[in-house]
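Visitor: I would like a close look at a single part of this predicted model. Please take one strand, describe its side chains, and then place it among its neighbours and within the chain.

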Amino acid sequence: MVRRVLAPFSRDQALTCLWMRNFSALSDIEFEGLVGDLLAAELSAPVERFSASPDGGIDLRWKAAPDGNGVGQCKHYLRSSFSQLLSAARREVPHVEQLEPDDYRFVTSFDLSVAQKDRLYVLFKRWMADPNSVIGGRDRDGLLTKHEKVERRHPKLWLASGSQ
């Protein structure tokens, strides 16, 4: 006999809760560490991380082309508006112009719409392969699902989400 447990939400809402993790438990530095681990797993390459200080547009760095570097910028903007995130992204453009990376990833905790992702991509398209180089909340969540070992290395994340 199968017992049904009544819940205050539908099956689809429950599945959404399982897939969308709660990143509010992470500090900015912890978010950067998580993103560094995700990119290292996704790129199959070591990703450098740096101390919390003025970074000149570099939160993460990796070997991209034979003689080039990839650069990642992380924006943990969970409780912000898109206009605040866009303003922060615009402030990064001069740094990226100076760095001229072979690969650039802009990663945010903000859950982006298609239009919002495209607006961010337009800012950095000179250094990005395509709009997939802008990694929003659901993209990042998909990477965590793909690379489960990364989530296990970040206990604040899985304790906060109830996963594991």
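**Strand β2 and its surroundings**

Guide: In this predicted model, strand β2, which covers residues 60–63, has side chains that alternate between two faces: Leu-60 and Trp-62 point to one face and are buried, while Arg-61 and Lys-63 point to the other face and are not buried. Residues counted here as buried are those with under 20% relative accessible area.

Turning to the pairing, β2 is joined to strand β1, residues 48–49, by two bridges, and these two strands run antiparallel. Within that pairing, Arg-61 of β2 is the bridge partner of Glu-48; Arg-61 is also one of the residues whose side chains point to the face of β2 where they are not buried.

Strand β3, residues 69–75, also pairs with β2 in the antiparallel sense, here over four bridges, and the two strands form a hairpin in which five residues lie between them. Leu-60, whose side chain is buried, stands opposite Gly-72 of β3.

As for the wider setting, the chain has seven helices and five strands, and their order along the sequence follows the pattern α-α-β-β-β-α-β-α-β-α-α-α. Of the 164 residues in the chain, 41% are buried, while the accessible surface comes to about 9,700 Å², with 53% of it belonging to carbon and sulfur atoms. Among contacts in the chain with a separation of 6 or more, 61% are accounted for by residues 24 or more positions apart.

Definitions and conventions
Residues numbered from 1 in each chain as written. Predicted model: local features only at pLDDT ≥ 70, side-chain atom pairs only at ≥ 80, totals over all residues. Heavy atoms only, no water. Buried < 20%, exposed > 50% of the residue type's maximum accessible area, 1.4 Å probe, protein only. Pairing = 2+ DSSP bridges. Contact = heavy atoms within 4.5 Å. Areas by Shrake-Rupley, 256 points an atom, 1.4 Å probe, with all protein chains shown as cover.
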